[in-house]
Amino acid sequence: LSQEQRRTAIATHRAMPLARAVREIRGYLPGEVIRARLCHHGEDLVYVLTVLARDGKVTRTTVNAASGAIVEAQ
């Protein structure tokens with residue numbers, strides 16, 4: 001999504017702010033978020049977060065942008 005589309009999605013509550021999405025996954029995937037994108041996933045919006053764990057493992061996680069629920073982790 002473009003920057004304007006991201007702003008609109010957050011302003012209209014279709015997506016939570018990125019900082020909140022990151023907090024939602026901290027308990028599930030501790031580490032540093034090194035990349036984040038807000039994308040379409042069917043009818044929903046999702047954050048695709050790339051997380052670097054302390055042990056060096058990189059995980060890509062898809063989080064529902066409205067609810068914060070983890071959709072997929074790989």
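**Notebook: core, helix α2 and strand β3**

Entry 1, the core. I looked up the largest nonpolar core, which has 13 residues; A15, L38, L45, Y47 and A65 touch the most other members. I noted that α2, residues 18–26, and β2, residues 44–52, each supply at least two residues of this core. The largest share, four residues, comes from β2. I record here that the model is a predicted one.

Entry 2, L38. I then listed the contacts of L38, leaving aside neighbours within four places in sequence. L38 is in contact with A15, L45, Y47 and A65, which are also among the core residues that touch the most other members. The remaining contacts of L38 are L1, R6, A9 and V46.

Entry 3, helix α2. Which residues of α2 are buried? I found A21, V22 and I25. Seen down the axis of α2, these buried residues fall within an arc of 100 degrees, so they line one face of the helix. I next asked what covers the buried residues of α2. The cover includes β1 (32–41), β2, β3 and β4 (70–73).

Entry 4, T59. I located T59 in strand β3, which runs over residues 58–64. Is T59 buried or exposed? Its relative accessibility is 10%, and buried means under 20%, so T59 counts as buried. Not counting residues up to four places away in sequence, T59 touches L29, L49, T50, V51 and Q74.

Entry 5, the hairpin of β3 and β4. I checked the sense of the pairing and found that β3 and β4 pair antiparallel over three bridges. Where V63 is concerned, the bridge partner in β4 is I70. Five residues lie between the two strands of this hairpin. I looked up the backbone of G68 in the hairpin and noted a positive phi near 85 degrees.

Entry 6, H13. I also looked up phi of H13, which is near 65 degrees, a positive value in a residue other than glycine. Where does H13 lie? I placed H13 in the loop between α1 (3–11) and α2. The relative accessible area of H13 is 70%, and exposed means over 50%, so H13 is exposed.

Entry 7, summary. I set two residues side by side for the record: T59 of β3 is buried, whereas H13 of the loop between α1 and α2 is exposed. I note again that β2 gives four residues to the largest nonpolar core and is among the elements that cover the buried residues of α2.

How values were computed:
Residues numbered from 1 in each chain as written. Predicted model: local features only at pLDDT ≥ 70, side-chain atom pairs only at ≥ 80, totals over all residues. Heavy atoms only, no water. Core = buried A, V, L, I, M, F, W, Y, C linked by side-chain atoms within 4.5 Å. Buried < 20%, exposed > 50% of the residue type's maximum accessible area, 1.4 Å probe, protein only. Contact = heavy atoms within 4.5 Å. Arc of directions from axis to C-beta. Pairing = 2+ DSSP bridges.
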